[in-house]
Amino acid sequence: PDSYVIKMKVKSKFLQLFHLNEKYCLLSVREVAIVLEFFKALDVRNEMAIDDIQFLAFMGSMTDLSQRQIYKVFDMLDIDGSGLLDFDEFYLLVCILVAVQDRKEKQFIYKHSRTVFELLDEDSSNNVSAEEFETFGFLFNFRRATVQDIFKEFDVSGDQELDYQEFKMFAMACIDKQTKQERKDREKQEQKRQKQAEASESLYSSVQSSYCTLL
């Protein structure tokens, strides 16, 4: 089974123009201006807001998410339930997409833990449940197993919910564990490549030796 809830891939060449700065994990003033002009182009009704259909077109061209998943993201960002996203909400999404694209999602969560917490808190209960985290964690490519294991550790009350302080500690632990796992995965891949290279070299030497014997 897939170890991710959903692994979102950012496929847009347009977004490759942007990168979050190291200190604040935000776009530069110049990049924000470009995103604003792009937003205005999407906003065909000149309301400084886009609806779910416009959002679907945008996300469909930027990511590999399905229509159902895109509408789920729209509902998450539409905190006031107006059926529209304003520029601030759109800008936040672009920052998340750029973070995922550059594999900086962990740093983004660390710098903007309160914002991420409020996004994941779908029912506005001031708590994030394991279900909410698994439902929307795909925006940051969290592993399902990582979420489940560490949630148990930080859910002291056993009510399957975390408040903001618990969430912040949980997110950092989750990121740390996932980083270690990714490091192990890379080491395994490197070992596998080395073994394949050694096997190929051994085969080549064997063939060369046989050829020399025949001569």
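How many aromatic pairs does a search of the whole structure find? Keep in mind as you work through these exercises that you're looking at a predicted model.

**Exercise 1. Count the aromatic pairs, then classify the one formed by Phe14 and Phe38.**

Step 1: the search of the whole structure turns up 10 aromatic pairs.

Step 2: take the rings of Phe14 and Phe38, which lie 4.6 Å apart centre to centre, with 20° between the planes. Planes under 30 degrees apart count as stacked, so this pair is stacked.

Step 3: place the two partners on the chain. Phe14 belongs to the segment before helix H1 (29-42), while Phe38 is in helix H1. They are 24 residues apart, and the pair links distant parts of the chain.

Step 4: check the exposure. Phe14 has 23% relative accessibility and counts as partly exposed; Phe38, at 26%, is partly exposed too.

**Exercise 2. Work out the geometry of the pair Phe117 and Tyr164.**

Step 1: the ring centres are 5.6 Å apart and the planes sit at 75°. The cut-off for edge-to-face is over 60 degrees, so that's the label this pair gets.

Step 2: Phe117 is in helix H6 and Tyr164 in helix H9 (residues 164-214). With their positions 47 residues apart, this pair also links distant parts of the chain.

Step 3: both Phe117 and Tyr164 are buried.

Step 4: now look for a charge at the Tyr164 ring. The charged end of Arg114 sits over that ring, 3.8 Å from its centre.

**Exercise 3. Which residues form one aromatic cluster with Phe14 and Phe38?**

Step 1: start from Phe14 and Phe38, both members of the cluster.

Step 2: add Phe18, Phe39, Phe58, Phe87, Phe90 and Tyr91, and you have the whole cluster.

**Exercise 4. Explain why Cys25 and Cys95 don't form a disulfide.**

Step 1: the count for the structure is 0 disulfides.

Step 2: go to the sulfur of Cys25. The closest cysteine sulfur is the one in Cys95, 8.9 Å away, which is too far for a bond. A disulfide would need the two sulfur atoms within 2.5 Å.

Step 3: turn it around. Starting from Cys95, the closest cysteine sulfur is in Cys25, again at 8.9 Å.

Step 4: as for exposure, Cys25 is buried at 4% relative accessibility, and Cys95 is buried at 1%.

**Exercise 5. Describe the second largest pocket and its lining.**

Step 1: the volume of this pocket is about 240 Å³.

Step 2: its lining has 14 residues, and the closest to the centre are Ile79, Glu118, Asp121, Glu122 and Ser124.

Step 3: helix H3 (67-77) and helix H6 (113-120) are the elements that give two or more residues to this lining. H6 gives the most, with 4 residues.

Step 4: sort the lining by class, and you get 7 charged, 5 nonpolar and 2 polar residues.

**Exercise 6. Where do Met48 and Asn126 sit, and are they buried, partly exposed or exposed?**

Step 1: Met48 isn't a glycine, yet it has a positive phi of about 55°. Look for Met48 in the loop between H1 and strand E1 (49-50).

Step 2: Met48 has a relative accessible area of 38%, so it is partly exposed.

Step 3: Asn126 isn't a glycine either, and its phi is positive at about 65°. Its place is the loop between H6 and strand E3 (128-129).

Step 4: at a relative accessible area of 57%, Asn126 is exposed.

Key: Residues are numbered from 1 along each chain as its sequence is written. This is a predicted model: local features need pLDDT of at least 70, side-chain atom pairs count only at pLDDT 80 or more; totals for chains, interfaces and linings use all residues. Side-chain values use heavy atoms; hydrogens and water are left out. Buried means under 20% relative accessible area, exposed over 50%, partly exposed in between (1.4 Å probe, protein chains only). On a 1 Å grid over the protein atoms alone, a cavity is a set of points where a 1.4 Å probe fits but cannot get out, and a pocket is an open set with protein on both sides within 12 Å along at least five of seven lines; lining residues have an atom within 4 Å of a point. Grid points are joined across faces, edges and corners, and a volume is the space filled by probe spheres set on the points. Ala, Val, Leu, Ile, Met, Phe, Trp, Tyr, Cys and Pro count as nonpolar, Asp, Glu, Lys and Arg as charged, and the others, Gly among them, as polar. Rings of Phe, Tyr and Trp (its six-membered ring) pair if their centres lie within 6.5 Å; planes under 30 degrees apart count as stacked, over 60 as edge-to-face and the rest as tilted. A charge sits over a ring if NZ of Lys or CZ of Arg is within 6 Å of the ring centre and within 35 degrees of the ring normal.
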